[in-house]
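Subject: The structure we talked about

Hi,

Here is the structure I promised to send over. Have a look at it first, and then read on for what turned up.

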Amino acid sequence: MERSSRYIITFAAVVCLVCGVFVSGAAVSLKDRQERNAVLDRQKKVLIVGGLIDPNSETSPEEIQRLFKENITAKIIDLKTGVLYDKISAEGFEQEQYTKDPATSVEAPARNAAGAKRLPKHALVYESQKNGKLDRLILPVNGKGLWGPLYGYFALGSDTNTIKGIIFYKHQETPGLGGEIENPNWMSLWPGKKAFAMTKDGGFGKPKIEVNKGPARDGDEYGIDGLSGATITSRGVTGMLQFWLSDNGFGPYLAQVRKGQ
């Protein structure tokens, strides 16, 4: 039996409406779970770069939460001065959202190495303890890659100069090229390198860590092997770190740590 055009259009519209309701309902019902999983994944990344879990091991959500609670201290700092800021809770703090809001952010310096447009007035940092003493500082860093922004965590030792590790939790780089920033072999090159050049009087100079265009020279304590076929991504990682370690980023906070504050 032939159907009229009106019947066909009406039937198609009803099917689309019903499917849309189901899809919307599923998205809403899964939103909380997705947000919890995102928080859990970031906690896991912090624990990995903090040297508290093996990246290749299977760690349960309960164990991740336990280790994070027992070993990691999250703090909010005033980015400009580096001092602690206790008027904002670290729990649920979304630095990316703070950066986008004009009320909680400021314009970044023009043509900065990280390609940042705005900077949050306050930032979230993590500190890990070992035997009751400060062991690592874990800094959230972001910058411009080839296809989009890079988001990760960068860990320094308690001397604020020795690199302990780097890890990325979100990016849009090409698998096998820029996506190699997630390769465990490449990430293993970072621990032991130095972040800052030292002045003649033993002070801290400018950030000097960089990802080279090719292999790092033997004995180069500031250079990391470049990513083959991913020059722009390599430059992005360098620019990102040199910016966030500078006075425009976490430089003031690191200065406070050096003072023992």
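Thr-160 counts as buried, because its relative accessibility is 1% and the cut-off for buried is under 20%. Please keep in mind that this is a predicted model. Thr-160 sits in the loop between E6 and E7, and its phi is near 65 degrees, a positive value in a residue other than glycine. Most residues other than glycine have a negative phi. The hairpin of E6 and E7 has five residues between the strands.

Asn-161 is found in that loop between E6 and E7 too. With 8% relative accessibility, Asn-161 also counts as buried. What does Asn-161 touch, leaving aside its neighbours within four places in sequence? Its contacts are Leu-156, Lys-193, Lys-194, Ala-195, Phe-196, Met-198 and Phe-204.

Two of those contacts, Met-198 and Phe-204, come up again in another hairpin. Met-198 stands opposite Phe-204 in E9. E8 and strand E9 (residues 204–207) are paired in the antiparallel sense over two bridges. Five residues lie between the strands of this hairpin, and one residue there, Gly-202, has a positive phi near 85 degrees.

Now for the sheet. It is an open one, made of five antiparallel strands in the order E1-E4-E5-E6-E7. Strand E1 (72–78) and strand E7 (163–170) are at the edges with a single partner strand each, so one side of each has no neighbour in the sheet. On average, and ignoring direction, neighbouring strands are turned by 25 degrees against each other.

Going through the pairs, strand E5 (residues 133–144) and strand E6 (residues 149–157) are joined antiparallel over nine bridges. Within that pair, Arg-136 has Gly-157 in E6 as its bridge partner. E6 and E7 are joined in the antiparallel sense over six bridges, and Tyr-153 has Ile-167 in E7 as its bridge partner.

Is E7, as an edge strand, enclosed or left open by the rest of the structure? Six of its eight residues are buried, so E7 is largely enclosed by the rest of the structure.

Another loop of the sheet is worth a look, the one between E4 and E5, where Asn-131 lies. Asn-131 has a positive phi near 55 degrees, and it is a residue other than glycine. While Thr-160 counts as buried, Asn-131 is exposed, with a relative accessible area of 75%.

Two helices go with this sheet. Helix H5 (residues 231–244) packs on it and touches E5, E6 and E7, and the direction of H5 makes about 125 degrees with that of E5. Helix H6 (residues 251–258) lies across E1, strand E4 (122–130), E5 and E6, and runs at about 175 degrees to E5.

H6 is largely enclosed by the rest of the structure, because six of its eight residues are buried. These are Gly-251, Pro-252, Tyr-253, Leu-254, Gln-256 and Val-257. The cover over them includes E1, E4, E5, E6, strand E8 (196–198) and H5. After H6 comes Gly-260, whose phi is positive, near 85 degrees.

Then there is the largest pocket, which holds about 1200 Å³ of space. It is lined by 43 residues, and Arg-42, Phe-93, Glu-94, Gln-95 and Leu-124 are the closest to its centre. Helix H1 (residues 5–49) gives the largest share of the lining, seven residues. By type, the lining divides into 20 nonpolar, twelve polar and eleven charged residues.

One more residue to find on your screen is Lys-100, in helix H3 (residues 95–100). Lys-100 is exposed, with a relative accessible area of 54%. Its C-alpha atom is separated by 7.1 Å from that of Arg-118, 18 residues away along the chain.

Finally, the chain as a whole. It has six helices and eleven strands, and 41% of its 261 residues are buried. Among contacts between residues at least 6 apart in sequence, 53% join residues at least 24 apart.

Happy browsing, and best wishes

Note on methods:
Residues are numbered from 1 along each chain as its sequence is written. This is a predicted model: local features need pLDDT of at least 70, side-chain atom pairs count only at pLDDT 80 or more; totals for chains, interfaces and linings use all residues. Side-chain values use heavy atoms; hydrogens and water are left out. On a 1 Å grid over the protein atoms alone, a cavity is a set of points where a 1.4 Å probe fits but cannot get out, and a pocket is an open set with protein on both sides within 12 Å along at least five of seven lines; lining residues have an atom within 4 Å of a point. Grid points are joined across faces, edges and corners, and a volume is the space filled by probe spheres set on the points. Helices (H or I, at least four residues) and strands (E, at least two) are DSSP runs, numbered from the N terminus. Ala, Val, Leu, Ile, Met, Phe, Trp, Tyr, Cys and Pro count as nonpolar, Asp, Glu, Lys and Arg as charged, and the others, Gly among them, as polar. Two strands pair if DSSP finds at least two bridges between them. Axes are lines fitted to C-alpha atoms, for helices over the stretch in contact, and angles run from 0 to 180 degrees between N-to-C directions. Contact means heavy atoms within 4.5 Å. Buried means under 20% relative accessible area, exposed over 50%, partly exposed in between (1.4 Å probe, protein chains only).
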